[in-house]
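Thank you all for coming. I would like to walk you through one structure, slowly, and you are welcome to keep the picture in front of you while I talk.

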Amino acid sequence: MDVQPGWGRARKVKQQRLPGMVNDRCGGIDWNRHPAWTASMRAALQERQATGGKWFSLIDRMWDPRLLMKAWERLNRRVKGEARRRGAGVDGVTVEGFAEQAEQEIAKLAEELKTGTYHPRAVKRHYIPKPGTTKKRPLGLPCIRDKVVQEALRSLIEPIFEIEFLEGSHGFRPERSTNTACQRLEEILENGKGWVVDADITGFFDNIDHERLLEEVNRRIADGKVLKLIRAFLEAGVMEEMKVRYATTGTPQGGVISPLLANIFLHAMDEQLQAEGISWVRYADDFLLLCDTREEADSAMGAVKAILEGMKLSLSPEKSRISHLEGFDFVGWHYEGRQRWPRQKSIEALRRKLREKTRRLRSGSMEAICGEIIPILRGWYNYFHEGNSTRTFAKATSWVRRRLRSILHRRHKGRGMGSPKLNFRWPNRCFAQWGLFDMEAALRACQPRRQALLP
C-alpha cells in the first residue's frame, strides 16, 4: 500500500540512487567537470579503487593551459554583477580585472607550475556577520590566480575521492544538495529511527590538522608534487591588518578546494560510523546520527566524540544535543514528527535581509523597492516551498507588507503604526500591483498540482 508522503513533500520521494558502488559511480561521473581525465584514466579509475591502487604522475596535467583555462571559465561564469568588482585577494585583482588579461595570466600560471616556481599567496581575511549573534565569521579570500589553480586541482583530483565517498555525505558534491541530504534523513526516519544526535564540530574548518589531511589525500595520491601543492595552499597564511599569520591547522573558508579537502578529511569519520552500524547523514560539517532508542543515542554520541578526538577535533557541548522527534534543526529546516518548516534562525536571517531593503526612511518608488526584495523572497520560497511552510509564509508575507506600509505611512506624514485603517488605505492588492512576490499566494497556487501528485 502506498505511504502518504510526509515532511510537506508533494509526493513520496524515493531517495535518489546516490552511487554506493564503484560500478555505479564510474558511470555517474559528469566528465565535463574534469577535462584533464583521459579515456585511459577513466578506465583505470574503477580498477584502482577496487584494488586500493594509488595515482602517480598527476602533476603534469596541472600545467596544461587548457585545464587552467577551463578552470578560469567555470569561475568566471559563477561570478556575476557587482561581485565581479569585489572580493579581491591580497593582490587587489578582481574577477573583472583578471578577465581583462586572462590569456596572459593563464600562460604565466602554466609556466610557473611547470617550472616549480608557482607559490600561492596568503589569503585575505574578511569577516562577515554571524546570523543571530554579535560574532563574525572569518572568511579567507584567495587571489583570483590562486582560485584558478585550486579549481584546476579540484577538477583533477575530485573523481579519485568522489568514487569512495559514502551515501550519507551530501555537502559540496556533484548531484547532491541540502535537498538530497533531507531526502536521506527522511528515508532513515521512515525506517523507524526516532532519536537524533544533533552534532556540531567546534571550529571545524579552523582546526583541520594539516598532517592528518595530507595522510588522507596520500591514501589515493602518491604524486609528491601534488601533495606539495596542496600543502602550499594549506600553509599559504592569512593576511590580516597587513600582517601574515601562518597556522599549522585549518583550511580557509572561501577557498575553492576547501570543501573537497573537508570532505576528504571527514570521510574517515563517515567510514567509522558506518562500520559501527550508526545511521547518519552529513552536509559538510553539519551532521546527524539517527538511533532507535535513547540508549543507542547516548552510545552514538560517545562513539562520535571518540572518533573526533582521534582526528584532533571535538564536539561543541553547547550546540550538540540528543533529541527525540519533538524537534531538531537541519540545513535550515526545523523537523518535528513528520513535518518540517523553516527553522527560527532561517526566519530571522530572512528578516535581517529584508530590513535593509525596507527601512522607513528609504527612498525610491514602491515598484523599485518591491523589485529589490523580490529576488530575496523568491529565493527563500524556492528553498522552503516543499515543506509544511504555509503558516510561515503567511506570517513572513504579512510582515513584509507591514514594513512597506510603514514606509508609505511616513511618506504621507502619518504617525505610528497602530491604526487599522492602514490595511484599508493600502490593501494587499496594492502590493500585488507594485509587483511584490506573495509567497503565501504562490504556495496556494501550486497546491492543486501538489495534491495531484499524491499517491
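How many cavities of 30 Å³ or more does the count come to? Before I answer, please keep in mind that this is a predicted model, and that what I say today is computed from that model. The count comes to 2 cavities of 30 Å³ or more, and I will take them in turn before moving on to a pocket and then to the way some of the helices pack.

Let me begin with the largest cavity, which has a volume of about 110 Å³. Its lining is made up of 15 residues, and those that lie nearest the centre of the cavity are V123, Q150, F233, L234 and P252. If you want to find the helices around it, look for α7, α10 and α11, the last of these covering 258-275, since each of the three supplies at least two residues of the lining. Sorted by class, the lining of this largest cavity has 9 nonpolar, 4 polar and 2 charged residues.

Two of those helices, α7 and α10, also pack against each other, so that is where I go next. Helix α7 runs over residues 144-162 and helix α10 over residues 224-234, and the two pack at an angle of about 135°, with their axes 12 Å apart. α7 and α10 are therefore oblique to each other, and the crossing in which α7 passes α10 is left-handed. From the α7 side the contact involves D146, V149, Q150, L153 and I157, which meet V226, L229, I230 and F233 in α10. The contact of α7 with α10 has, by class, 7 nonpolar residues, 1 polar and 1 charged. You may recognise two names here, because Q150 and F233 were also among the residues nearest the centre of the largest cavity.Staying with α7, we can turn to its other partner, helix α4, which covers residues 65-78. These two helices pack at an angle of about 110°, and their axes are 8 Å apart. α4 and α7 are therefore roughly perpendicular to each other, and α4 passes α7 in a right-handed crossing. In α4 the residues in contact are L67, L68, A71, W72, R74, L75 and R78, and in α7 they meet I144, K147, V148, E151, A152, R154 and S155. By class, this contact of α4 with α7 has 8 nonpolar, 1 polar and 5 charged residues.

Now for the second largest cavity, in which about 40 Å³ of space lies. The residues that line this cavity are L45, R48, Q49, G53, W55, I160, I163 and R220. Which helix gives the largest share of that lining? The answer is helix α2, residues 39-51, from which 3 residues of the lining come. Divided by class, the lining of the second largest cavity has 4 nonpolar, 2 polar and 2 charged residues.

From cavities I move to a pocket, namely the second largest pocket, which has a volume of about 320 Å³. The lining of this pocket consists of 14 residues, and L113, G116, Y118, K225 and K228 are the ones that lie nearest its centre. The elements that give two or more residues to the lining are α6, which covers 102-115, and α10. Of the elements, α10 gives the most, with 4 residues. By class, the lining of the second largest pocket has 7 nonpolar, 3 polar and 4 charged residues.

I will finish with another pair of helices, α13 at residues 344-357 and α15 at residues 390-411, which pack at an angle of about 20° with their axes 11 Å apart. That angle makes α13 roughly parallel to α15, and α13 passes α15 in a right-handed crossing. Here I347, L350, R351, L354 and R355 in α13 meet T392, A396, W399, V400 and R403 in α15. The residues of this contact divide into 6 nonpolar, 1 polar and 3 charged.

Technical notes:
Residues are numbered from 1 along each chain as its sequence is written. This is a predicted model: local features need pLDDT of at least 70, side-chain atom pairs count only at pLDDT 80 or more; totals for chains, interfaces and linings use all residues. Side-chain values use heavy atoms; hydrogens and water are left out. Axes are lines fitted to C-alpha atoms, for helices over the stretch in contact, and angles run from 0 to 180 degrees between N-to-C directions. Angles under 35 degrees count as roughly parallel, over 145 as roughly antiparallel, 65 to 115 as roughly perpendicular and the rest as oblique. A crossing is left-handed if the near helix is turned anticlockwise from the far one by less than a right angle, and right-handed if clockwise. Contact means heavy atoms within 4.5 Å. Ala, Val, Leu, Ile, Met, Phe, Trp, Tyr, Cys and Pro count as nonpolar, Asp, Glu, Lys and Arg as charged, and the others, Gly among them, as polar. On a 1 Å grid over the protein atoms alone, a cavity is a set of points where a 1.4 Å probe fits but cannot get out, and a pocket is an open set with protein on both sides within 12 Å along at least five of seven lines; lining residues have an atom within 4 Å of a point. Grid points are joined across faces, edges and corners, and a volume is the space filled by probe spheres set on the points.
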